[in-house]
Structure formats: C-alpha cells, structure tokens
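Work through the exercises below with the sequence and the model open. Each task is followed by a solution in steps.

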Amino acid sequence: MRLNPIIDSLPTTIFEVMSGLARETGAVNLGQGFPDSPGPEDVRAKAAEAVMHASNQYPPMAGLPELRQAVAEHYGRFQGLDLDWASEVTITSGATEALMAATMALLQPGDEVVLFQPVYDAYLPMVRLAGAIPRPVRLQPPLWRITEAALEAAFSARTRMVIVNSPLNPTATLLSDEELSLLARFCVRFDAVAVCDEVWEHLVFDGRIHRPLMTYPGMRDRTIKIGSAGKIFSLTGWKVGFVCAAPPLSAAIAKAHQFLTFTTAPNLQIAVAYGLGKAAAYFEDMRAGFARSRDRMTEALAAEGFAVLPSQGTYFLSIDLPRSGVEADDQTFCMRAVKEAGVAAIPVSAFYAEDPVRTVVRLCFAKKDETLDAGVERLARARRLF
Ligand code: PMP
Ligand code: GLN
C-alpha cells in the first residue's frame with residue numbers, strides 16, 4: 001500500500017515503547033515523563049464542576065476568552081510579558097498541536113529549520129512533513145551548550161525557523177542569558193522565526209528563573225511561545241496548550257489549528273484558566289516538591305555508585321553510564337533494565353537523528369517516594385548486569 005514515506009518510516013516513540021514494556025513486565029516506570037500523583041484537587045474539581053454545569057459544546061476556535069485572558073495575565077505576572085489576549089493568544093490541544101500548527105503555518109518546501117539535538121522527538125517529523133529541511137546542531141554532555149560557531153555553521157539565508165526548547169527535555173538544562181542573546185542575534189540577522197517550546201517553564205529549580213526568548217531584543221514579533229497546562233499542573237493527560245505570538249503569526253497559527261483539532265475540551269479550558277490564576281505560592285510549592293524528589297533520587301543513585309548529571313529543571317535527571325561503571329550503550333542498558341531488572345528508563349540516543357550520544361540515560365523523578373526508591377533499587381540491579 002502507498003503510504004506517506006515520512007510517516008511510514010517513523011518508529012513508535014521511545015516513550016510509548018518504554019511505557020508499553022513497563023506495563024507488560026510490571027516494571028517501575030521512570031521512563032515517560034508523567035507524575036504518579038493525581039494532580040491538584042481544586043483544579044480537577046473545577047474541571048468536574050464545569051463538565052456538569054458549563055457548556056460542553058464547541059468552544060470558540062481560538063479558545064475560551066477566559067482562558068486566553070488567564071494566559072496573558074499569567075505571563076504578565078510571572079514573565080513580564082505584555083500580551084494582548086484577543087490577538088496574541090491561541091489555545092491548542094497540548095503543546096504538540098501548537099508545534100504542529102506553527103510548523104504547518106510557517107514552513108514551505110525548501111525552508112531550513114535549525115534545531116538542537118538531543119531533540120524532542122516530535123520536531124523532526126513535523127518539519128519534514130512541511131517539506132522543510134532540518135539543520136540539527138549537536139549538543140554534548142555534560143554541559144550541552146550552544147556555541148556561536150555551531151550557530152554560524154547551521155544558519156543560512158534559507159533559515160526560516162529555529163526551534164528552541166528551554167528548559168530542555170531530556171538534558172534538564174536551561175539556556176543561559178548568553179545563549180539566549182546569541183540565538184536572538186542570529187534570528188534577527190537571518191530574519192528567522194523562533195518557535196520556543198517552553199512547556200517546562202515552571203519546572204525550574206534552585207532559584208533559577210526561566211527567561212522567555214520573546215523578551216530579548218528584536219524577538220517580540222518573531223517568537224512563537226508555546227506552553228502546556230499538562231506540565232504546569234502535573235496533569236499530563238489534559239493536553240491543553242497555549243501559543244503566544246504577535247497578531248500576524250497568531251492568525252496564521254489559528255488557521256492551521258482550525259483544521260488540526262479546531263478546539264479543546266471546554267471543561268479543561270475552564271479549569272486551566274482557574275489554575276493559571278493561582279497565587280505564586282502554588283507554583284513555588286510545586287517546584288519545591290519536585291526539587292525534593294530530584295534530590296532524593298540523586299542521593300539514592302549516588303549511594304548506588306551512579307554518576308548523576310545535574311538537573312536544573314523539568315521532571316528529569318540523567319545518569320552517565322561509563323562514569324557509573326556500566327560498559328554498555330544506553331539502548332542496551334535500558335532494554336536489559338526493563339526486561340531483566342524491572343525498571344523503565346529512556347535512552348538519550350533516541351533524541352538524536354544522527355551521531356547520537358549513547359552514554360546517557362534519562363530518568364523521571366516526578367514520582368512518589370516509594371516509586372523513586374523502588375526504581376533506584378532496580379537500577380542498581382540493572383547496573384550489576386553489566
Ligand atoms: N515539548 C516538550 C519538550 C515536551 O517534553 C512535551 C511533553 N512532555 C511536549 C512538548 C508535549 O506537550 P503536550 O503534552 O502539552 O502536548
Ligand atoms: N514529553 C514526555 C516525555 O518526555 C512524553 C510525551 C509523550 O509520550 N508523547 O517523557
């Protein structure tokens with residue numbers, strides 16, 4: 001049968017593969033990034049109340065005004081942005097849809113797109129489906145830094161877009177002020193649009209501050225900022241995303257969105273609008289809770305002889321296999337860990353299209369203490385297999 005070759009050649013995502021194996025084998029799942037807690041009760045209660053008492057018919061295509069206003073207010077309060085909710089905010093079914101709508105709306109065959117490996121697995125197929133050409137920049141452990149020389153090599157007169165993910169999944173690093181300034185300079189110089197996947201924006205630790213690229217010189221009107229309620233409220237299955245961009249970009253993205261999903265569940269939109277209005281203390285406590293889990297897992301792993309790469313944000317930390325005494329590549333380690341030691345993890349090489357780093361394994365620490373402890377004990381068992 002004739003199939004679209006870009007889709008036909010795709011493997012099943014590593015997240016689904018690992019969660020599937022964990023379900024089959026009963027392994028502790030430290031792979032796919034989701035918390036094993038039910039999420040904030042008041043936000044869930046709002047969604048339940050809305051499904052019983054508010055409209056369950058199609059909301060407006062760009063999202064419920066109350067949610068679009070809440071998004072603009074939230075980013076004004078927490079990130080100093082000045083967004084016009086009516087012309088600059090669109091609600092999507094998750095950040096994934098927002099990314100697809102942005103690539104569909106902006107890219108044409110032959111356009112070049114600069115992105116960074118390790119790369120979130122959805123980006124490359126989206127770029128290729130639009131007929132555009134990915135220009136990947138390879139980042140390396142332990143610092144995963146973007147350099148001016150790498151950008152010089154990747155940008156050209158054909159560059160239309162750069163896709164930036166900070167905090168970065170899977171490396172758990174944040175772009176520095178210097179790297180953000182560098183990216184802004186290149187976008188302006190090459191007249192490129194930045195698609196900023198900021199789904200992890202609230203998950204930053206140790207007093208770090210997330211700075212949106214949109215606030216850098218020359219970037220206000222050439223940045224598409226993408227957020228996700230799934231991450232902000234630890235409700236990853238909700239799939240409520242937000243796109244913030246200058247009016248012409250927002251209008252184009254909304255046109256793509258109208259034929260992807262058109263709209264997003266109204267009760268979830270109402271609950272997310274309520275959640276975004278919460279006091280700063282909620283977000284601080286949420287971060288503190290995840291930082292505590294990160295520290296618990298880091299200490300337990302170190303006690304078992306694992307070398308842990310520091311985590312500045314996200315739900316993830318990584319272990320370095322050779323420095324942990326494991327003489328195997330990340331895929332081999334993860335496959336044997338899930339099948340023989342009962343713990344699922346994510347090989348970071350899955351985030352590379354070419355020349356992968358094969359020495360790093362990503363672990364999700366957004367879990368209850370007992371899950372973390374059981375996971376580390378099984379990882380120690382996996383380490384002894386090598
Ligand atoms: N981008 C990144 C970098 C992610 O890590 C994720 C999921 N964790 C997404 C996008 C997808 O977000 P959503 O579930 O809102 O579609
Ligand atoms: N973003 C999640 C992760 O990195 C997975 C999302 C998905 O499975 N599509 O684990």
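**Exercise 1.** Sort the residues that line the largest pocket of this predicted model by class.

Solution. Step 1: take the nonpolar group, which has 24 residues of the lining. Step 2: take the polar group, with 14 residues. Step 3: the charged group holds six residues.

**Exercise 2.** Find the volume of the largest pocket and the residues closest to its centre.

Solution. Step 1: the space in the largest pocket comes to about 1,100 Å³. Step 2: the lining consists of 44 residues. Step 3: closest to the centre are T13, F15, Y120, D121 and A122.

**Exercise 3.** Which helix supplies the largest share of the lining of the largest pocket?

Solution. Step 1: list the helices that each give at least two residues to this lining, namely α2 (14-25), α6 (94-106), α7 (123-129) and α10 (229-232). Step 2: α7 supplies the largest share, with six residues.

**Exercise 4.** Locate ligand 2 and describe its shell.

Solution. Step 1: ligand 2 sits in the largest pocket. Step 2: the residues around ligand 2 are F15, Q32, G33, Y120, N169, F316 and R362. Step 3: F15 and Y120 belong to this shell, and both are also listed among the residues closest to the centre of the largest pocket. Step 4: by class, the shell has three nonpolar residues, three polar residues and one charged residue. Step 5: the charged residue is R362.

**Exercise 5.** Which polar atoms of Q32, G33 and R362 lie by oxygen atoms of ligand 2, and how much of ligand 2 does the protein bury?

Solution. Step 1: for Q32, a polar side-chain atom is 2.7 Å from an oxygen atom of ligand 2. Step 2: for G33, the partner is a polar backbone atom, 2.6 Å from an oxygen atom of the ligand. Step 3: R362 places a polar side-chain atom 2.7 Å from an oxygen atom of ligand 2. Step 4: ligand 2 alone exposes 290 Å², and the protein buries 77% of that area.

**Exercise 6.** Describe the second largest pocket by volume, lining and class.

Solution. Step 1: its space is about 240 Å³. Step 2: 17 residues line this pocket, and P35, S37, S234, G289 and F290 lie nearest its centre. Step 3: helix α13 (residues 280-303) gives the largest share of the lining, seven residues. Step 4: the lining divides into six nonpolar, five polar and six charged residues.

Conventions: Residues numbered from 1 in each chain as written. Chains lettered and ligands numbered in written order. Predicted model: local features only at pLDDT ≥ 70, side-chain atom pairs only at ≥ 80, totals over all residues. Heavy atoms only, no water. Near = heavy atom within 4 Å. Polar contact = N/O pair within 3.5 Å; in protein donor to acceptor, adjacent residues only side chain to side chain. Areas by Shrake-Rupley, 256 points an atom, 1.4 Å probe, with all protein chains shown as cover. 1 Å grid on protein atoms, 1.4 Å probe; cavity = no way out; pocket = protein on both sides within 12 Å on 5 of 7 lines; lining within 4 Å. Sits in = over half its atoms within 2 Å of the grid points. Nonpolar A, V, L, I, M, F, W, Y, C, P; charged D, E, K, R; others polar. Points joined across faces, edges and corners; volume = space filled by probe spheres on them. Helix = DSSP H or I, 4+ residues; strand = E, 2+ residues; numbered from the N terminus.
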